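Welcome! Open the structure in your viewer and get ready to make a few selections.

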Amino acid sequence: MKSYPNIRHLGSDFKKLNNMNKISWQSPSNIALVKYWGKHGVQLPSNPSLSFTLNNCHTTTELQWEAGDGNIDLLFDGQRKERFTARARDYISSIASIFPFLKEYNLHIDSTNNFPHSAGIASSASAMSSLALCLCSMEYEVTGKTLTEEEFYQKASNIARLGSGSAARSVYGGYVSWGKSDKIPGSSDEYATPLPMEINESFKDIRDTILIVDQGIKVVSSRAGHKLMDRHPYAQQRFARANKNFNDLTKALQEGDDPNFIRIVEQEALGLHALMMSSTPGYILLKANTLNIIHRIRAFRDLSCTTLCFTLDAGPNVHLLYHGSDSAEVEEFITEELLLYCSDKYRIDDHIGNGPEKV
Ligand code: PMV
């Protein structure tokens, strides 16, 4: 069942410094198992997606405000970065009709990632969800508008989505869906929903070790990749398959069905990259060592007693997914056979987490 962080702290736990107020949220990234790839309207997904929220990789955003006339400045990892500041300004002006009070304040945003944003982990998901949570808390502080716990998170998810689609899911912990689906009561294209069904015990302790194959900036952004789905020859088949994979994966998670989990998750990962390769123009984000690792994982799975499998984000780095009970055997495999394919033997160990926290 859904687990929200303690709502009692949502609106009342901010700090007042002379005329300046501030609030801070820490929000994790997430990894999609059924991918969101292709959108329409204002950041609405073409198919439902399903992810789990990570625990260790997170962004902490502190939002300070004072009476003013809508100026925004931003520090990212302690530094002024024009590109990020411009993006934050565009984003905040795009949500001005939802938060009309913002024009009466100057905002100072201080955002820190505890993982490198070139590590192939969706840093926009953690960054935009933590900012959205701060803005929703600020709304309460300056307008006194009260929301129920459910309404608060739904609003934060909706606001996060407008910044980065996958960020909609990072507002919740555990397994999270985003996008209208007959299987999820109350689901919407506008905000994410924690998976309401009981998850099998074996999937409650899922690990994600991220193998960093390449730390370079992506040659094609996700924004451009989504756009290429508008006239992709396989778009309709993709959306139909994603719906089926979504339904089948929710079932596998409830039943503890490893073979179907592996089949769907790996098909989604390879399918995502197949869509990129078959776009016009086509492009390739995978590297030779991504494929080397994938071949080794499949060979290891055939020989070992584990159910180790992989997923990929829109990049070359490989997310190893496994049950906590398999971690000793998987660890030996990683150190002995996989690290040699990583950039500087770089890996990040993470696991499913409980979602954002007010700090
Ligand atoms: O949220 P965006 O616009 O960066 O797109 C994310 C797309 C994938 O990470 C590839 C898939 C997903 O569902 O997170």
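This tour follows the boundary between two domains.

A few ground rules: this is a predicted model, in which local features need pLDDT of at least 70, side-chain atom pairs count only at pLDDT 80 or more, and totals for chains, interfaces and linings use all residues. Residues are numbered from 1 along each chain as its sequence is written, and side-chain values use heavy atoms, with hydrogens and water left out.

Start by colouring residues 22–198 as domain 1 and 202–351 as domain 2; these bounds come from an automatic or database domain assignment. The centres of the two domains, taken over C-alpha atoms, lie 24 Å apart.

Next, select the residues in contact (heavy atoms within 4.5 Å). You should find 34 residues of domain 1 meeting 44 residues of domain 2. Together the domains bury about 3400 Å², with carbon and sulfur atoms giving 65%; buried area is the accessible area (1.4 Å probe) that two parts lose on being put together, summed over both.

Now pick Leu-33, Lys-35 and Trp-37. These supply 25% of the area that domain 1 buries against domain 2, more than any other three residues.

Then show Glu-198 and Lys-204 as sticks. Their closest N and O atoms are 2.7 Å apart, forming a salt bridge (a side-chain nitrogen of Lys or Arg within 4 Å of a carboxyl oxygen of Asp or Glu). The count between domain 1 and domain 2 is one salt bridge.
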